[in-house]
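Reader: I am new to this structure, and I would like a close look at one part of it rather than a tour of everything. Please choose the surroundings of the nucleic acid and follow the chain outward from there, taking the steps slowly.

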Amino acid sequence: MLPCNTTPMDIPRRRGQRLKRQLDSIIIHFDYDAFYASVIEAETPSLRARPLAVQQKQIVVTCNYEARRRGLYKLQLITEAKKTCPDVVIVLGEDLTRFRNASKELYAFLRSFSWNSRCERLGFDEVWMDVTDIVDYNVRLLNQNDLANTFFCLSKTDPTEGFAFDASGVAGHTYPEVTSTEADAPRDLWDPLRLRLHLGSHLAQHLRQKLVSKKGYTCTVGVSTNKLLCKLVGNVHKPSDQTTLLPPYTSEDGCDNVTSFIDEHEVGKIPGIGFKLAQKLRAHVLQQPADFDSGLVYGGTNEKVLVRDIRTFSDMGPETLERILGGPGTPHGIGAKVWGLLNGCDDTEVGQARDVPTQISIEDSYVRLVALEEVTKELLVLSRSLLRRMHADLLDDDEDLQVSPNDGANIAAISEKRWLAFPKTIRLSTRPRPPQNPDGSRNRSFARISRSAPMPNFVFSLKDGIEVLAERLVKETLVPLFRKLHPEKSGWNLSLVNVAATGMVDAASEKGGVGRDIGKMLKRQGDVLKQWKVYDTGGQDQTKEEVDVSMQVQDVWDEKNLEPSPPPPPIRPSESRIGSEDIPTPSQELSFLPEDRWESEDEDMLDDDSYRCEECGGVMPIFAMGAHARWHAQN
DNA sequence: TGGGGTCCT
DNA sequence: AGGACCC
């Protein structure tokens, strides 16, 4: 065991009670090695032997381990990297498409092993999996008297699916390191936590091997009982390896492995304690403002303050931390949260796997962007990318097109696609270049400003090409947003422009379900209706008049606002297929399906009063259908 | 110093 | 709408 010279005040307290470490879960954290570089290598395996760097603008965003051996590192300037390693292979990586695709594929692969779907991605290259249920299932199955010959079941239904392993030991490295002379005392195996961590480590190793054999990617893994600890402990052996944090996890005097492990970390290295919090914490224990590299916005600190220095500082605890860190604008409970982190406690759950992101954004940075004409051009480039991303990430997975084998020129679009989610909002952000100081220098700032607008419905059209939609989006939405953001006619100078689709509403979340909360449902329904803004051409006026369908909900008793004609009768799916190249006629433009009460195998249940538009997959109440149909007819 | 993301206020 | 955090 590690030397232990901490004070007795080690177990975190809150209002006199012990704050318990989470010991009931087994969690694995995956971190793909040098991810962008690995994606490039997977495409071009000959590069594996070369020093490889991925470039975005002027910097090396990541590089493979061969390059690191030669002195390159992340976020290094390209010029410097070339000086250090003249024969480095540099690949441009500003377009993230392939990295995003690889990330999605690996995530889906790991997800397929999960039983509880608690599988959370962070960035493109990290995944947590809560494997508690798998581990506990296997603990119940194993024979305590013959741990060396255990079979790990990966399926609840197929007992042959799995692998053999020795449950008496850990797979891979441990923290602290276990020497062979002090091999596990038999009684250790009676510690249920220890046994569960053993199983977790073997599962982690199996998944790592599968990731290599099936996907060709190596990763670094940590195994522990909460998100914080498994993420941190993985870093102990990098790359392409794994580390398990061994018990004991608790003690009266701080002589547990959690405390000794986390205590050695520089405070800013703790996930959740960013630059701002770390500086406040450093300033407190140093009794003076913490110094930092002013040349950088989020520069490295010049101080080394360890978790232990803070944790054992006089009067330290959640209340003191709340005083130091709290204040207007800060999340409440920050003191308790940070106190937890400093003690290795993290009760946040591994998030449920999601199939749509909550936001899609696309950005580019510029050396100089000043004229409105240039801005408009860039907005068009960004809009195309955003629309492509929306199609890639928000449409369900069927094939885009099927080329008719008889006639290559005749491309029949089989439009099985549905929107899985609708972003309600579009946001334009810029990063203005900071104005010059009197002395001629420039303050460095990465602050952005933004304006938002409702996402116009036409972007969801599956008939119109991305090019025409992008042009319309720029003209009708983004340029107006830009004028709102920068009312001055000129003088601005932008270093970055970002366009984002936000406020994602899951199409499935509008479906009904037994026992749903009615108030919540109505609120959500309102949200969705708000986004069903349609263009009403009822008047002679050529200018399109925006009509918010949600208004019609309130005005539903007003005869004038009711739809003049009833919706066409519902059409069965087989009759209602409309190719996306088809031009809908007024009589067939609509094909709304009512809830399918007679097909119980259909999981795609809607609310009793909700209808789905076959054209775009949108879900809406019956009174919204007429206006919706006219919108389609126009688009 | 990039091009993304999440959640909170 | 912005700010903090994460990669």
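Author: A residue is taken to be near a strand of DNA if one of its heavy atoms lies within 4 Å of that strand. The model is a predicted one, and what follows should be read with that in mind. By this cut-off 17 residues surround DNA strand C, and the closest are Glu-126, Lys-231, Lys-276, Ser-450 and Ser-452. Of the atoms of DNA strand C that come within 4 Å of the protein, sugar and phosphate make up 100%. Sorted by class, the residues of this surface comprise eight nonpolar, four polar and five charged ones.

Two elements deserve attention here, since helix H9 (275-286) and strand S19 (449-454) each supply at least two residues of the surface near DNA strand C. The largest share comes from S19, which gives four residues. Two of the closest residues, Ser-450 and Ser-452, fall within the span of S19, and each of them offers a backbone atom to the DNA. A polar backbone atom of Ser-450 is 2.7 Å from a phosphate oxygen of DNA strand C, while for Ser-452 a backbone N or O atom lies 3.0 Å from a phosphate oxygen of that strand. Gly-274 also takes part through its backbone, with a polar atom 3.4 Å from a phosphate oxygen of DNA strand C.

From S19 the path leads into a sheet. Strands pair in a sheet through backbone hydrogen bonds, in either a parallel or an antiparallel sense. The sheet in question is open, has four strands in the order S15-S20-S18-S19, and is paired in the antiparallel sense. Because S15 and S19 stand at the edges with a single partner strand each, one side of each of them has no neighbour in the sheet. From one strand to the next the twist averages 15°. Between those edges, strand S18 (residues 421-432) and strand S20 (residues 494-506) are paired antiparallel over 11 bridges, and one example is Pro-423, whose bridge partner in S20 is Met-504.

The other edge strand brings us to the second DNA strand. S15 gives the most to the surface near DNA strand B, with six residues, and strand S5 (59-63), like S15 (360-365), supplies at least two. In total, 24 residues surround DNA strand B, with Lys-57, His-332, Thr-358, Arg-389 and Arg-444 the closest. Sugar and phosphate account for 87% of the atoms of DNA strand B that come within 4 Å of the protein. The surface is divided by class into eight nonpolar, eight polar and eight charged residues.

Some contacts with DNA strand B can be followed atom by atom. A backbone N or O atom of His-332 lies 2.8 Å from a phosphate oxygen of DNA strand B, and a backbone N or O atom of Gln-359 lies 3.4 Å from one. Arg-100, by contrast, uses its side chain, a polar atom of which lies 3.3 Å from a phosphate oxygen of DNA strand B.

One further residue from the list for DNA strand C leads inward. Lys-231 is among the residues closest to DNA strand C, and Lys-231 is also one of the buried residues of H7. Helix H7 (residues 227-234) is mostly covered, eight of its eight residues being buried. At the start of H7, a side-chain oxygen of Asn-226 comes within 3.1 Å of the backbone nitrogen of Leu-228.

Strand S13 (residues 219-224) is likewise mostly covered, with six of its six residues buried. In a regular strand, side chains alternate between the two faces of the sheet. In S13 both faces are covered, with Cys-219, Val-221 and Val-223 buried on one side and Thr-220, Gly-222 and Ser-224 on the other. S13 runs antiparallel to strand S3 (residues 27-32), to which six bridges join it, and Tyr-32 has Cys-219 of S13 as its bridge partner. Towards strand S14 (residues 242-245) the pairing is parallel, over three bridges, and Val-221 has Gln-242 of S14 as its bridge partner.

Terms used
Residues numbered from 1 in each chain as written. Chains lettered and ligands numbered in written order. Predicted model: local features only at pLDDT ≥ 70, side-chain atom pairs only at ≥ 80, totals over all residues. Heavy atoms only, no water. Polar contact = N/O pair within 3.5 Å; in protein donor to acceptor, adjacent residues only side chain to side chain. Nonpolar A, V, L, I, M, F, W, Y, C, P; charged D, E, K, R; others polar. Buried < 20%, exposed > 50% of the residue type's maximum accessible area, 1.4 Å probe, protein only. Pairing = 2+ DSSP bridges. Axes fitted to C-alpha atoms, helices over the stretch in contact; angles between N-to-C directions.
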